[in-house]
Amino acid sequence: KIARVMGIHRNTLRSYLKQNNVSYKYSQISDADLDHAVQEFHQMKPNSGVRYLTGHLRQLGLRLQ
């Protein structure tokens with residue numbers, strides 16, 4: 001989608017990312033660690049939904065599938 005918005009081919013974007021050492025892969029995190037992060041979030045914000053949780057995890061530097 002980013003490549004389309006930029007008007008370049010996705011392979012060109014991948015090449016630029018690789019040249020600049022930008023990782024676009026998913027984070028390696030265990031189920032237990034992810035569960036812990038989710039539990040901590042829900043303790044802080046018990047009424048928040050999935051979108052807020054996703055944003056919080058991204059803020060922690062996690063890129064999840």
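Helices here are DSSP runs of H or I with at least four residues, strands are E runs of at least two, and both are numbered from the N terminus. Residues are numbered from 1 along each chain as its sequence is written. The model is predicted, so local features need pLDDT of at least 70, side-chain atom pairs count only at pLDDT 80 or more, and totals for chains, interfaces and linings use all residues; side-chain values use heavy atoms, with hydrogens and water left out.

**Exercise 1. Find the positive phi angles at Gly-61 and Asn-21, and place them.**

Step 1: Go just past H4, where Gly-61 takes a positive phi of about 95 degrees.

Step 2: Now go to the loop between helix H2 (10–19) and helix H3 (31–44), which holds Asn-21. Asn-21 isn't a glycine, yet its phi is positive too, at about 55 degrees. For background, most residues other than glycine have a negative phi.

Step 3: Check Asn-21's surroundings: with a relative accessible area of 72%, Asn-21 is exposed (exposed is over 50%, buried under 20%, partly exposed in between, using a 1.4 Å probe and protein chains only).

**Exercise 2. Work out which side of H4 is buried, and what covers it.**

Step 1: List the buried residues of H4: Leu-53, His-56 and Leu-57. They span an arc of only 95 degrees around the axis, so they sit on the same side of H4 (the arc is that of the directions from the helix axis to the C-beta atoms).

Step 2: Flip to the face turned away from that buried side, and you'll meet exposed Arg-51, Tyr-52, Arg-58 and Gln-59.

Step 3: Look for the cover, which includes H3. His-56, at 15% relative accessibility, counts as buried, and beyond residues up to four places away in sequence it touches Phe-41 and Met-44 (contact means heavy atoms within 4.5 Å).

**Exercise 3. Identify the largest nonpolar core.**

Step 1: Use the rule: buried Ala, Val, Leu, Ile, Met, Phe, Trp, Tyr and Cys residues joined through side-chain atoms within 4.5 Å.

Step 2: That picks out five residues in the largest core, namely Ala-37, Phe-41, Leu-53, Leu-57 and Leu-62. H3 and H4 are the elements giving two or more residues to this core.

Step 3: Follow Leu-62: leaving aside neighbours within four places in sequence, it contacts Ser-27, Ile-29 and Leu-57.

**Exercise 4. Describe the overall fold.**

Step 1: Count four helices and zero strands, in the pattern α-α-α-α.

Step 2: Buried residues make up 15% of the 65 residues in the protein chain.
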